[in-house]
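Me: I am new to this structure and would like to go through it step by step, asking each time what a label rests on. Could you set the values against the definitions for me?

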Amino acid sequence: MRILMVNKFLYPRGGSESYMLYLADHLKESGHEVEFFGMYDDKNTVGNSKGLYTQNLDFHSKGLARFLYPFKIIYSFEAKKKIMQVIDDFKPDIVHMNNINFQLTPSIIYGIKKRKIPLVQTVHDYQMICPNHLLYNFDKNEPCEKCIKGSYINCIRNKCIHGSTVKSILGVIEAKLYSWRSTYKKVDLFVCPSNFLENKLLTSKKFYEGKTKTIHNFIDKEKFSNKDRKADSYIAYVGRLSKEKGIENIAGTAKLLPELRFIVAGSGPDEDILKGIPNITLAGFLTGDKLTELVGNAKVLLLPSVCYENCPLSILEAHAMGVPVVTMNSGGMAELVKDGVTGFLVNEPTPEGIAQKLTEIFENDEYYNTIEENCKSEKDNIMSVEDYAGVLLEEYKRLISR
C-alpha cells in the first residue's frame with residue numbers, strides 16, 4: 001500500500017510528529033511505501049521523492065515576507081498546488097493528515113480530494129472546534145467551550161490565541177472560513193485518540209457522525225517494560241511548565257504536603273511558580289533514558305492538567321512501567337486511569353483535592369502495592385504500534401475499497 005503522511009513539521013518536534021514518524025517507520029518495516037508532505041526545514045528527517053515542500057514560515061521573522069503570513073496561514077495556494085504534484089508523482093492509495101493548520105492550512109484537503117484519494121486525519125487537538133486548539137481560557141485558567149456552544153466571537157473577546165487580538169481574529173477567520181465551506185466534510189475518517197475528543201466532535205457538527213473512530217495512542221511497550229522497577233518515595237511530573245498543565249496546583253500541593261518530595265521534569269513560561277519551594281526539585285528538560293528512569297522509579301506520576309488533555313502518552317508509559325497515576329477526572333485523562341485501581345482521579349483541580357489522593361496512596365503501603373500490581377497488568381491493555389497499525393490498516397482498506 002502507498003501511504004502519503006502529511007504534517008506541517010517533518011522532524012521530531014512534538015507529539016504529532018513522534019506519532020507520525022514512529023507509525024510510518026513501522027508501516028515501512030511491514031512492506032508499505034510511505035512518503036511525506038509538509039513544510040521545508042533544514043531539520044527535516046523525512047520527505048518525498050518529488051522534493052516538494054511548502055515555504056518555511058518563520059513567525060519570528062522580521063523580514064518583509066512576514067506581512068504575507070496572515071494570508072498564507074488561512075489558505076495556502078502553494079500547499080494545495082504542491083501536494084497535488086506530490087500525489088501525481090507518488091500515486092498514494094491513501095493520504096493520512098496530522099497537524100496541518102497555519103503552515104499547510106486545510107486548503108490541502110481540496111487538492112487531495114480533487115485527486116479523489118481517500119483521506120484520513122488523526123485529530124491531535126481540538127482545532128476543528130476551537131480556534132486556540134485547547135478548549136481553554138488562559139485568563140481564567142479554566143476549560144472553555146464557548147466557541148462550541150456559542151460563537152467564535154468569544155475567541156476574539158478573550159484574546160484566546162497567544163493573548164493577541166490580531167492573532168485571535170486570524171484564528172476566527174480561519175475557523176469561520178472552513179466551517180462555512182464545510183471543508184472537513186471532505187475528510188473520510190477522523191481518528192480520535194480519546195472518546196472525549198470524539199464526543200466533542202460529534203456534538204459540534206452532525207457531519208462527523210459515521211466518520212469518527214477512537215483509537216487510544218500507542219507506545220513502545222518494550223522500551224517501557226521496566227522489569228527492574230524500584231519505586232522511590234518521590235512524585236514525578238513530566239511536561240510543559242505552564243498554567244494550563246496545572247503547575248500552580250503542583251506548587252500548592254507541595255506546600256500542603258511538605259513531607260513529600262516532588263521532582264519536576266520540563267520547561268516552560270511558568271517555571272518560576274515552582275521555584276523556591278523546598279520539596280520541589282526542578283530537573284530541567286529530560287529525554288531518553290533519563291526521563292524513562294525518572295518516571296519508572298517514581299512512587300506516583302502526577303498529571304494535574306487544568307486543560308482537557310487528549311490521550312497523554314505519559315500516563316500510558318507510566319502504567320506500562322508499573323507506576324500509579326494521579327490525574328484529573330476530565331478530558332482523555334479520565335479514560336486512561338481506573339480510579340482506585342491504577343491510580344486516582346481528582347474531581348476538582350485544586351491542591352487540596354490532589355493532596356487528598358496523594359495522601360491516600362502514601363499512607364497505605366498495602367493498598368499502594370495492589371495499585372502498583374494493577375498497573376503492571378494494565379500493560380496488556382495498552383496498544384503497541386503493531387496493534388495500532390493493524391487497526392489503522394483495516395480502516396485504510398475499508399476506505400480504499402469503498
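Me: What makes E1 and E2 a pair of strands, and in which sense do they run?

Reply: In this predicted model, strand E1 (residues 2–6) and E2 are joined by five bridges in the parallel sense; a pair needs at least two bridges, so E1 and E2 count as paired. Within this pairing, Met 5 stands opposite Phe 36 in E2.

Me: How do you know that E1 also pairs with E3, and what stands opposite Leu 4?

Reply: The same test applies: at least two bridges are required, and E1 and E3 have four, again in the parallel sense. Leu 4 of this pairing stands opposite Val 95 in E3.

Me: Which sheet do these strands belong to, and which strands are called its edges?

Reply: They belong to an open sheet of six strands, with parallel pairing and the order E2-E1-E3-E4-E7-E8. Strand E2 (33–37) and strand E8 (212–214) are called edge strands because each pairs on one side only. Neighbouring strands of this sheet are turned against each other by 25 degrees on average, with direction ignored. Helix H4 (residues 107–114) packs on the sheet, where it touches E1, strand E3 (94–97) and strand E4 (119–122), and its direction makes about 170 degrees with that of E3.

Me: How many bridges hold the remaining neighbours of this sheet together?

Reply: Three bridges join E3 to E4, which run parallel, and His 96 stands opposite Val 120 in E4. E4 and E7 likewise pair in the parallel sense over three bridges, with Gln 121 opposite Phe 190 in E7. Phe 190 also stands opposite Thr 212 in E8, in a parallel pairing of E7 and E8 over three bridges.

Me: Why are both faces of E3 called covered, and what is found on the faces of E7?

Reply: In a regular strand the side chains alternate between the two faces of the sheet. In E3, Ile 94 and His 96 on one side and Val 95 and Met 97 on the other are all buried, and buried stands for under 20% relative accessible area, so both faces of E3 are called covered. Strand E7 (residues 189–192) is covered on both faces too, with Leu 189 and Val 191 buried on one side and Phe 190 and Cys 192 buried on the other.

Me: Why is Ile 169 called partly exposed?

Reply: Ile 169 is found in helix H7 (residues 165–180). Its relative accessibility is 35%, and the label covers values between the 20% limit for buried and the 50% limit for exposed, so Ile 169 counts as partly exposed.

Me: What is the order of the other six-stranded sheet, and why are E11 and E14 said to stand at its edges?

Reply: This open sheet has the order E11-E10-E9-E12-E13-E14, with parallel pairing. Strand E11 (280–284) and strand E14 (343–346) each have a single partner strand, so one side of each is left without a neighbour in the sheet. The twist averages 20 degrees from one strand to the next. Three bridges join strand E12 (residues 300–303) to strand E13 (residues 325–328), which run parallel, and Leu 301 stands opposite Val 325 in E13.

Me: Which helix lies across E14, and how does its length compare with the expected span?

Reply: H13 lies across strand E9 (234–238), strand E10 (261–265), E12, E13 and E14, running at about 165 degrees to E14. Helix H13 (residues 351–363) has 13 residues and reaches 18 Å from its first C-alpha to its last, close to the 18 Å expected. Its buried residues include Ile 354, Leu 358 and Phe 362.

Me: How do you know that Cys 375 is in no disulfide, and is it buried or exposed?

Reply: A disulfide needs two cysteine sulfur atoms within 2.5 Å, whereas the sulfur of Cys 375 is 16 Å from the closest cysteine sulfur, in Cys 311, and therefore too far for a bond. At 0% relative accessibility, Cys 375 counts as buried. Cys 307 is in no disulfide either, with the nearest cysteine sulfur, that of Cys 130, 11 Å away, and the count by this rule comes to zero disulfides.

Note on methods: Residues are numbered from 1 along each chain as its sequence is written. This is a predicted model: local features need pLDDT of at least 70, side-chain atom pairs count only at pLDDT 80 or more; totals for chains, interfaces and linings use all residues. Side-chain values use heavy atoms; hydrogens and water are left out. Helices (H or I, at least four residues) and strands (E, at least two) are DSSP runs, numbered from the N terminus. The expected span of a helix is 1.5 Å times one less than its number of residues. Buried means under 20% relative accessible area, exposed over 50%, partly exposed in between (1.4 Å probe, protein chains only). Axes are lines fitted to C-alpha atoms, for helices over the stretch in contact, and angles run from 0 to 180 degrees between N-to-C directions. Contact means heavy atoms within 4.5 Å.
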